[in-house]
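Here is a quick tour for someone meeting this protein for the first time. Have a look at the sequence and the 3D view, then read on.

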Amino acid sequence: MSVRVPAKVNLQLSVGPIRDDGYHDLVNVFHAVSLFDEVTAAVGTASGGTGPEVAVEAAPGARVAVGGVPVDGDNLAVRAALIVADRLGADPRVTLRIRKAIPVAGGMAGGSADAAAALVACARLWDDPDEPRLCRDDLMEMGALLGSDVPFAVLGGTAIGVGRGERLTPALTRGTFHWVFATADGGLSTPAVYAECDRIREADGEPAGRPEVSEELMTALATGDAKALGAALANDLEPAALSLRPSLDRTIEAGRDYGAIGAVVSGSGPTCAFLADDAEHAAELAAGLDGAGVARSVVRATGPVPGATIC
Ligand code: ATP
């Protein structure tokens, strides 16, 4: 059972004040792009252990460093498999093989994507095909137990997330947008980037306001206006990511120099996302960024694309 699952870029990531539970209130406009991990689930394990086993490798042709991905119970795909087994009363001995094209700790929710893929794969493996007990909404609810980006990786498309980002409403979009992503050597820890965001705000004496959905962004999406979308991209975590990784400044600048109509750090970074006018412009932009030597790798993708899908 193989499932393909997309990366995400945040078109808007507005970070509100810290709540009593330690999380920030967010407005998070997620957009799924055609950069895919693949998770294959097969019944049984080689070692005969009692729970899921996982193997992780880079997808063919992808320059992804998979060394930082846990291959034990900390892997989000393993935790997802256990949740499905528990819900369906299934034998959790399953082997998960993850082929990664989504950068690790790159701000594109790769781990959450793998969790979403494992939810979908294991549900298909273990659920009753004639009378399934789990629907997509159930899988999204189960995904929220693992992280606020997981439900979106099940859903895909473009969606507005509020709360911790996990309460999703699909956004109206028209057409296809063309993206170029510049990945970086080494990841950034999401909690460290939020902590840096809080530190900068405190130092500046600027308390966070209540986050609101950008009307400009919604109109750009609904009309398929790439230039307006480029102008509306906004990420409150960008100053924190730039503070922790100052070299990203050069990457963003290079993208602008090569004519990107929008440039933003993706989520908590360090991947940078650039918007192009069309496929041809994306190819030129990718070649320029590649030549500038400001990224570990440069990949093109389009969005929106569907969420976790059985291949
Ligand atoms: P986000 O954008 O959701 O904040 P990210 O894209 O920056 O996340 P991930 O690739 O999801 O980062 O990885 C974050 C950490 O999660 C990794 O450093 C790793 O320790 C852990 N992790 C657990 N499972 C996985 C997985 N299947 N793939 C990648 N990382 C995983």
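Which residue follows H10, and is its phi positive or negative? That residue is Gly293, and its phi is positive, near 65 degrees. Keep in mind throughout that this is a predicted model.

## The big picture

Let's step back and take in the whole protein. Its secondary structure adds up to ten helices and twelve strands. The radius of gyration is 19 Å, close to the 19 Å that the globule rule gives for 311 residues, so the protein is as compact as a globular protein of that length. If you boxed up the C-alpha atoms along the principal axes, you'd need roughly 55 × 45 × 35 Å.

What about the inside? Of the 311 residues, 50% are buried. Among contacts with a separation of 6 or more, 74% are between residues 24 or more positions apart.

## Two domains and where they touch

The domain assignment splits the protein into domain 1 (2-171) and domain 2 (177-303). Their C-alpha centres lie 23 Å apart. Where the two are in contact, domain 1 puts in 32 residues and domain 2 puts in 38.

On the domain 1 side, the elements giving two or more residues are strand E1 (2-18), strand E2 (24-43) and strand E5 (158-163). Sort the residues on that side by type and you get 19 nonpolar, eleven polar and two charged.

## Helix H10

Back to the helix we started with. H10 covers residues 279-292, and at 1.5 Å a residue its 14 residues should span 20 Å; the end C-alpha atoms are indeed 20 Å apart, so the two agree. Its buried residues are Ala282, Leu285, Ala286 and Leu289. These cover an arc of only 100 degrees around the axis, which puts them on the same side of H10.

What covers that buried set? The cover includes strand E7 (177-183), helix H9 (248-257), strand E10 (272-276) and strand E11 (297-303). Look at the face turned away from the buried side and you'll find the exposed residues Glu280 and Gly291.

## Helix H5

Now try H5, made up of residues 190-204. With 15 residues at 1.5 Å each, the expected span is 21 Å, and the end C-alpha atoms are 21 Å apart, which agrees. Buried here are Val193, Glu196 and Cys197. Seen down the axis, they fall within an arc of 105 degrees, so they line one face of the helix.

Strand E1 and helix H8 (238-244) are among the elements covering those buried residues. The face turned away from them carries the exposed residues Pro191, Arg199 and Glu202. Right after H5 comes Gly205, with a positive phi near 65 degrees.

## A closer look at His24

One last stop: His24, which sits in strand E2. Is His24 buried or exposed, or something in between? It has 19 C-beta neighbours inside 10 Å, so it counts as partly exposed; a residue needs 20 or more to be called buried.

Which residues does His24 touch, leaving out those up to four places away in sequence? They are Val15, Gly16, Ile18, Arg19 and Tyr194. For a sense of distance, pick out Arg256: it is 232 residues from His24 along the chain, and the C-alpha atoms of the two are separated by 30 Å.

Methods:
Residues are numbered from 1 along each chain as its sequence is written. This is a predicted model: local features need pLDDT of at least 70, side-chain atom pairs count only at pLDDT 80 or more; totals for chains, interfaces and linings use all residues. Helices (H or I, at least four residues) and strands (E, at least two) are DSSP runs, numbered from the N terminus. The radius of gyration is taken over C-alpha atoms; the globule rule is 2.2 Å times the number of residues to the power 0.38. A residue is buried if 20 or more other C-beta atoms lie within 10 Å of its own, exposed if 12 or fewer, and partly exposed in between; C-beta atoms are placed from the backbone. Two residues are in contact if their C-beta atoms, placed from the backbone, lie within 7 Å. Domain bounds come from an automatic or database domain assignment. Ala, Val, Leu, Ile, Met, Phe, Trp, Tyr, Cys and Pro count as nonpolar, Asp, Glu, Lys and Arg as charged, and the others, Gly among them, as polar. The expected span of a helix is 1.5 Å times one less than its number of residues. The arc is that of the directions from the helix axis to the C-beta atoms.
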